[in-house]
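Q: Could you take me on a close look at one part of this protein, step by step? I am in my first year, so please go slowly and show me how the piece fits in with what lies around it.

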Amino acid sequence: MKMKILILFLFFTGIIFISYVKSNKEEINYTIIGEKELFSNNIISKNFSDLIYDELSKKNNFGFYSKEFTYKNIRTIDMINNINNNVSIDNIYIQNILKMTNVLIINTGNNEINYKLSKVDSNENNDNEIYNYLDEVYKDIKVLIEKVKDLNEGKIIFLGIYNDTGNKDNDKYYKYINEKLELLMHSNDIDYLNLFDVLNKNEDYLTKGNNIYITNEGNIAIFNKLYRKIDQLYLHKQL
């Protein structure tokens with residue numbers, strides 16, 4: 001009789017403990033910051049970031065999804081200034097969001113590099129000027145990462161820079177900056193998704209012409225790779 005009581009006690013104690021653990025999981029607070037052009041375009045109904053939100057929001061411990069701090073034509077230096085000045089949108093402050101976020105995706109650099117390449121012809125005579133400019137962008141991104149890491153202790157994924165100039169001659173510049181950025185992120189315990197490798201190596205993932213957008217297939221490809229990373233970096237550790 002005593003043995004049965006002990007077994008029942010252990011059984012119900014186990015159920016209570018499991019229920020407690022499940023109810024006390026850390027909230028999933030998901031944020032994207034950076035260039036709005038990457039996270040939205042006119043040819044799809046949902047981008048990869050919103051697809052990630054759709055999946056995360058199904059979790060019982062989902063907290064929030066913040067995309068307020070994505071801007072069109074923003075530069076890395078602008079992002080640094082936004083953090084330094086603790087800018088707010090609808091009483092939501094960027095420093096508070098970064099402190100509360102445990103799944104953070106950052107994208108920056110494409111706007112600056114694309115603008116530079118639109119003004120300078122891609123040829124050997126201009127290589128030094130372009131590579132020097134890329135090094136300056138890299139330095140700004142390094143400062144940005146330092147600012148973010150000071151505020152955020154969660155899991156961070158940095159999205160690499162892809163070639164949306166429509167000119168394959170520019171590929172060498174994107175490969176150069178991605179190699180440098182990947183090393184930087186790894187040294188800061190930040191995961192890296194090289195969008196050049198994802199998008200520029202599949203003709204179906206980018207539109208053709210002067211205004212280049214990520215296609216629906218491209219967004220799904222990014223979503224699949226990002227969500228797998230989020231699952232590996234964060235979600236499975238909550239089980």
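A: Happy to! Keep in mind that this is a predicted model. Let's begin with helix α6, which spans residues 110–119 and is mostly covered, as seven of its 10 residues are buried. The buried ones are N110, N111, E112, I113, N114, K116 and L117. You may notice that this list holds residues such as E112 and K116 as well as I113 and L117.

Here is a handy idea for reading any such helix. An α-helix has 3.6 residues a turn, so residues three or four places apart point the same way.

What does the covering? For the buried residues of α6, the cover includes the strands β1 (28–35) and β6 (103–107). Helices take part as well, among them α2 (36–39), α4 (76–84), α7 (127–151) and α8.

Let's follow one of those neighbours, the strand β6. This strand is mostly covered too: five of its five residues are buried. Try looking at its two faces in turn. On one side you will find V103, I105 and N107, and on the other L104 and I106, all of them buried.

Now look at the strands that pair with β6. β1 runs parallel to β6, and five bridges link the two. To find your place in this pairing, look for T31, which stands opposite L104 of β6. β6 also pairs with β7, again in the parallel sense and again over five bridges. Here a good landmark is N107, which has L159 of β7 opposite it.

From β7 (155–159) we can walk on along the chain into the loop that leads to α8 (171–187), and in this loop sits N163. Is N163 buried or exposed? N163 has a relative accessible area of 4%, under the 20% cut-off, and therefore counts as buried.

The side chain of N163 has polar partners that you can pick out. One is the side chain of T165, with a polar contact of 2.5 Å. Another is the side chain of D171, where the polar contact is 2.8 Å. Setting aside residues up to four places away in sequence, N163 touches K168, N170, D171, Y174, F196, N200 and L206.

Some of these names come back when we turn to the second largest pocket. K168, N200 and L206 are among the residues that lie nearest its centre, together with G166 and K208. In total, 15 residues line this pocket, and it holds about 310 Å³ of space. Sorted by class, the lining of the second largest pocket has three nonpolar, seven polar and five charged residues.

Before we stop, let's visit another stretch of the chain, beginning with the loop between α2 and α3, where S45 lies. S45 is exposed because its relative accessible area is 76%, over the 50% cut-off. In sequence S45 and N216 are 171 residues apart, yet in space their C-alpha atoms are separated by 8.6 Å.

Further along, in helix α3 (residues 48–56), you come to D50. With a relative accessible area of 14%, D50 is buried. Beyond its neighbours within four places in sequence, D50 is in contact with Y65 and K67. D50 and S40 are 10 residues apart along the chain, and 9.4 Å lies between their C-alpha atoms.

Key: Residues are numbered from 1 along each chain as its sequence is written. This is a predicted model: local features need pLDDT of at least 70, side-chain atom pairs count only at pLDDT 80 or more; totals for chains, interfaces and linings use all residues. Side-chain values use heavy atoms; hydrogens and water are left out. On a 1 Å grid over the protein atoms alone, a cavity is a set of points where a 1.4 Å probe fits but cannot get out, and a pocket is an open set with protein on both sides within 12 Å along at least five of seven lines; lining residues have an atom within 4 Å of a point. Grid points are joined across faces, edges and corners, and a volume is the space filled by probe spheres set on the points. Ala, Val, Leu, Ile, Met, Phe, Trp, Tyr, Cys and Pro count as nonpolar, Asp, Glu, Lys and Arg as charged, and the others, Gly among them, as polar. Helices (H or I, at least four residues) and strands (E, at least two) are DSSP runs, numbered from the N terminus. Buried means under 20% relative accessible area, exposed over 50%, partly exposed in between (1.4 Å probe, protein chains only). A polar contact is a pair of N or O atoms within 3.5 Å; within protein, one must be able to donate a hydrogen and the other to accept it, and residues adjacent in sequence count only if both atoms are side-chain atoms. Contact means heavy atoms within 4.5 Å. Two strands pair if DSSP finds at least two bridges between them.
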